[in-house]
Amino acid sequence: MCNSLAFPSPLCFPPPSCDGSVLRATHSPLYLLVIPFTHGSVYAVYGLYGRYVYDYSTLVEALARYRVAMIGSGAWACAAVRMMAQNTLAHDPADNFTDEIKMWVYEEEYEGRKLTEVINETHENPKYFPGFDLGSNVRAVPSIDEAVADADLIVFCAPHQFMHSICKQLIGKVKPGASAISLTKGMRVRPEGPQLISQMVRRNLGIDCAVLMGANIATDIGREQLSEAVIGYDNLDSAERFKKLFERPYFRVSLLPDPVGAEMCGTLKNIVALGAGVVDGLGLGPNSKATIIRQGLVEMRAFSKALYPSVRDDTFLDCCGVGDLVATCYGGRNRLVAEAWTRAQMSGTPRTFEELEAELLRGQKLQGVLTSNEVQEILRARCWESNYPLFTTINRIINGHLPPKFVVDYVVSELMRGSQMGDGTQQN
Ligand SMILES: NC(=O)c1ccc[n+]([C@@H]2O[C@H](COP(=O)([O-])OP(=O)(O)OC[C@H]3O[C@@H](n4cnc5c(N)ncnc54)[C@H](O)[C@@H]3O)[C@@H](O)[C@H]2O)c1
C-alpha cells in the first residue's frame with residue numbers, strides 16, 4: 001500500500017491541520033505519523049536523519065515489533081493465547097506485534113503423541129482446552145528456553161505451584177529489556193514471608209512484571225462471552241502495551257495502579273470459592289452463599305492490607321475483586337471440586353481432593369486447597385488465625401478437622417456475637 005501521492009509535502013511535517021497521532025517505536029529512533037485520509041491511512045517515518053518513508057511495507061520493516069511468548073498451556077493460558085493471537089494477526093496501523101506467538105507447553109503424551117505436535121497440527125489443545133481454535137499463528141514449543149529466547153513480552157500463566165521452578169529455569173535466559181505479565185493466581189510461602197508470583201518473576205528474572213486479573217473463566221472467554229479484567233501495573237508503558245495485546249471486543253481490559261491488590265484478590269478468592277463449594281455441597285441456597293462471599297471479601301481485603309498496607313480499598317470493588325470472587329464462587333473449578341468433596345463427606349463415602357481433582361478436572365490444577373494451606377501457614381506464623389474466621393474455618397474443614405456444616409455454623413455464632421468477623425485491619 002502506498003499513498004505517497006495523497007500525502008502533503010514532507011516539508012510541512014507534521015501538517016498543520018493534521019489531527020493524526022504521533023507514535024514512537026520504542027526500540028528505534030523513529031517517529032510514526034498516522035494521518036487518516038478518506039482513502040486510508042498515510043504513514044510517514046521521521047528518523048534521526050530526517051528520512052521519510054511513504055511505503056507501508058518499508059515502514060513495517062523499519063518499526064520494531066514485539067515478539068510474544070506464552071509460558072503455560074492450560075485452560076486459561078490457551079484462552080489468553082487465543083485472544084493474543086487474534087490481536088497479533090489483526091494489523092493495526094502501528095502493527096505492534098509480530099504475528100507468531102510461541103507457547104511453551106509442558107510436554108506430555110496425548111493419545112500416544114506429543115502434545116506439542118498435536119497442538120501444532122490441529123491448532124487446538126485437546127487436553128486442556130478442547131474445542132477451541134487457538135490460531136494458526138500460535139506455535140507450541142517444548143523448550144522453555146526457545147520460547148523466551150527472542151521474546152520482548154512474556155506472559156506467565158502456569159499454575160502457581162510450578163512457577164518457582166519455571167523462574168529458576170529462566171534465570172539468565174530472557175532478553176534484557178523484556179517485560180512480563182502474570183496471569184497466574186496464587187502465592188509462594190517462604191520462611192521469610194509470602195511472595196507473589198509477579199514479585200518472584202521480577203526478583204529472579206530482573207524484568208518488570210504486571211498482572212492481569214479479573215472474572216475470567218477460561219471456557220467462557222473461549223466462547224467469546226463478555227468478560228473484564230484489569231492490568232495491575234507499576235510501569236504504565238508496559239501496561240498499555242499488554243492492554244493492546246489482550247483487549248478484544250468481548251474482553252475489556254482496564255489499567256489499575258495497584259498490582260499487589262489485584263494479585264492478592266486473584267489469589268485469595270480461590271479459598272472463598274472452596275467455602276462456596278462446601279455451601280453448595282450442603283445443599284444450602286443463595287442466601288448462605290452470599291454470606292460466605294461477603295465475609296470472604298472482607299477477609300480478602302483485611303488480609304491483603306495487613307500484609308501490604310499500600311493495597312487500595314477500591315481494588316476489591318473492581319472486576320479483579322468482587323467480580324472475580326462472584327464468578328469463581330458460582331462457576332469456578334475450586335467450587336466444583338469442593339461441592340463434590342462435601343457431598344462425598346456427607347454421604348459417608350469420603351473422597352480426597354486429589355482424587356476429585358483428577359476425576360473432575362482431567363489434568364487441570366486445583367489451586368484453592370494449596371492456597372488455603374499456604375495462607376493458613378502465614379496466619380499461624382503471625383498469630384492471626386482468629387482474625388480470619390472464614391479462612392480458618394474453611395482450612396480446618398478441607399483438612400478434615402471440622403465437619404463441612406461448620407462453614408455456616410461459625411457464621412451464625414459470629415453473627416450472634418455481633419462481631420465484625422475478620423475485618424482484622426486494626427487487629428493485626
Ligand atoms: N482456568 C481458568 O478458568 C482460569 C482463569 C483465570 C485464572 N486461572 C489461573 O491461571 C493459572 C493457570 O491455569 P490454567 O487454567 O491455564 O492451567 P490448567 O490448570 O488448566 O492446566 C495445568 C497446566 O499445568 C501444566 N503442568 C503440569 N505439570 C507441570 C509441571 N510439572 N511444570 C509446569 N507445568 C505443568 C500442564 O501442562 C497444564 O498446562 C492458574 O494460576 C489459575 O488459577 C485459571
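This text goes through a predicted model, from the whole chain to its cores, one helix pair and one strand residue.

The protein chain has 428 residues, and 53% of them are buried. Its secondary structure comprises 16 helices and 15 strands. Of the contacts with a separation of 6 or more, 69% join residues that are 24 or more positions apart. The chain exposes about 18,500 Å², of which carbon and sulfur atoms supply 53%.

In soluble globular proteins, nonpolar side chains tend to be buried together. In this model, the largest nonpolar core has 47 residues. The residues with the most contacts inside that core are Met264, Met300, Phe303, Phe353, Phe391 and Val407. Two or more core residues come from each of helix 9 (259–281), helix 10 (286–307), helix 11 (319–331), helix 12 (333–346), helix 13 (353–361), helix 14 (368–381), helix 15 (389–398) and helix 16 (406–417). Helix 9 gives the largest share, 11 residues.

Phe353 can serve as an example from this core. Setting aside residues up to four places away in sequence, Phe353 touches Leu274, Val337, Ala338, Trp341, Leu366, Val369 and Ile398. Another core, of 44 residues, lies apart from the one that holds Phe353. Tyr66, Met84, Phe129 and Ala218 are among the residues of this other core.

Met84 also appears in a contact between two helices: Ala80, Met83, Met84, Asn87 and Thr88 of helix 2 meet Lys244, Leu245 and Phe246 of helix 8. By type, the residues of this contact are five nonpolar, two polar and one charged. Two packed helices are described by the angle between their axes and the distance between the axes. For helix 2 (residues 75–89) and helix 8 (residues 236–246), the angle is about 95° and the axes are 7 Å apart. Helix 2 is therefore roughly perpendicular to helix 8, since angles of 65 to 115 degrees count as roughly perpendicular.

The last stop is a residue in a strand. Val141 belongs to strand 8 (residues 138–141). Val141 counts as buried because its relative accessibility is 2%, and buried means under 20%. Beyond its neighbours within four places in sequence, Val141 is in contact with Lys102, Met103, Trp104, Val105, Thr116, Glu146 and Ala147. Lys102, one of these partners, is 39 residues away from Val141 in sequence, with a C-alpha to C-alpha distance of 6.6 Å.

Terms used: Residues numbered from 1 in each chain as written. Predicted model: local features only at pLDDT ≥ 70, side-chain atom pairs only at ≥ 80, totals over all residues. Heavy atoms only, no water. Core = buried A, V, L, I, M, F, W, Y, C linked by side-chain atoms within 4.5 Å. Buried < 20%, exposed > 50% of the residue type's maximum accessible area, 1.4 Å probe, protein only. Helix = DSSP H or I, 4+ residues; strand = E, 2+ residues; numbered from the N terminus. Contact = heavy atoms within 4.5 Å. Areas by Shrake-Rupley, 256 points an atom, 1.4 Å probe, with all protein chains shown as cover. Axes fitted to C-alpha atoms, helices over the stretch in contact; angles between N-to-C directions. Parallel < 35°, antiparallel > 145°, perpendicular 65-115°, else oblique. Nonpolar A, V, L, I, M, F, W, Y, C, P; charged D, E, K, R; others polar.
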